[in-house]
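Visitor: Please take me through one part of this model closely, strand by strand, and show me how the chain arrives there and leaves again.

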Amino acid sequence: MNKELRPIQVGDISISTDANVHIAGPCTVESFEQTFSIASNIIPTGINLFRGGAVKPRSDPDSFRGLGGEGLEILFNMGRIFNIPVVTEVLTIEQIDLIKKKSAGHPFIFQIGMRNARNGDLLEEVGKTGIPVLLKRGDSSTVKAMLSMAKYITNGGSPVIMCERGVATFSSESGTGRATADLLSIPQFQDAGFITIFDPSHAGGEPDNVMRLALAGIAVGANGLIVEVGVVDENGKCHAQCDAKQALSFDQFGDLLQKAKEVEQVVR
Ligand code: PEP
Ligand code: MN
């Protein structure tokens, strides 16, 4: 079932079809304490890359939009403290240089989010850096459209990792999730030559559904997961300023990772 695809190197990590890649961290870097707490609890469980947004695309412009440069400093500090490559979103062409500068050579992957999946100019500039790009599916982009958009990046030389994260459908507003995971896009992206991972967080919308979807994504052959994790209080509530409802607790994430590895063994 597993098709061999060209490996992508990020620092010491080789993202390949040999073993699934596990990416986790906060949706958004909100403070050193929050990020350190998450990093120190989940990195030892065996993740390969640490995620965290510093510039956030929000539906409401008055909501928290990330710490910007300060958030990038916190994120890259975590990368150095725990010796792990990081994944962070870039929203604008101007931010490409800012992120590179803040990385100070620490290995990382640019994330292109759902909202920028059609932004050819941004994709083209990111592609010229040679740095790997995690390209998330646009929520109203077909698989074919995504394959065209990926060319904007690969034409410049950066390798692309595809990410299914759900598309807008009639069921998206039903309360079960924010988007509907189109799981069969995963083998389609792989057949087109892309290592493809799955983000169950933005389609799941809440922990139980995030975990259900994550295992389904691995079952259809995803090459890994990118999952949002948060600090929760004694009542199990996460108070993050962005995507709190879908954040897994440390325990939930540990449990998920274990199960994901078991499902991986079955489908491999
Ligand atoms: C995210 O990863 O936090 C995010 C905003 O994702 P998406 O672009 O898929 O909504
Ligand atoms: Mn998020």
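Guide: In this predicted model, Thr88 stands opposite Phe110 in β6, and this position belongs to a parallel pairing in which β5 and strand β6 (residues 108-112) are joined over four bridges. Between these two strands the chain passes through helix α3 (residues 93-103), and the β-α-β crossover that leads from β5 to β6 is right-handed. β5 also pairs with strand β4 (residues 49-51), again in the parallel sense, over two bridges, and here the bridge partner of Arg51 is Val87 in β5. The route from β4 to β5 runs through helix α2 (residues 69-81), and this β-α-β crossover, too, is right-handed.

As for the faces of the strand itself, side chains in a regular strand alternate between the two faces of the sheet. In strand β5 (residues 86-89), Val86 and Thr88 lie on one side while Val87 and Glu89 lie on the other, and with all four buried, both faces are covered.

Turning from the strands to the metal, the manganese ion (ligand 2) has as its protein donors Cys27 (SG), His202 (NE2), Glu228 (OE) and Asp243 (OD), which lie 2.0 to 2.5 Å from the ion, and the spacing of these donor residues in sequence is C-x174-H-x25-E-x14-D. Because His202 lies in helix α7 (residues 201-204) and Asp243 in the loop between β10 (224-228) and α9 (250-267), this pair ties together parts that are 41 residues apart in sequence. Both His202 and Asp243 are buried.

Methods:
Residues are numbered from 1 along each chain as its sequence is written. Chains are lettered from A and ligands numbered from 1 in the order in which they are written. This is a predicted model: local features need pLDDT of at least 70, side-chain atom pairs count only at pLDDT 80 or more; totals for chains, interfaces and linings use all residues. Side-chain values use heavy atoms; hydrogens and water are left out. Buried means under 20% relative accessible area, exposed over 50%, partly exposed in between (1.4 Å probe, protein chains only). Two strands pair if DSSP finds at least two bridges between them. A crossover is right-handed if, with the strands pointing away from the viewer, the path from the first strand over the helix to the second runs clockwise. Donors are N, O and S atoms within 2.8 Å of the metal (3.2 Å for Na, K and Ca); water is not among the atoms, so sites may look incomplete.
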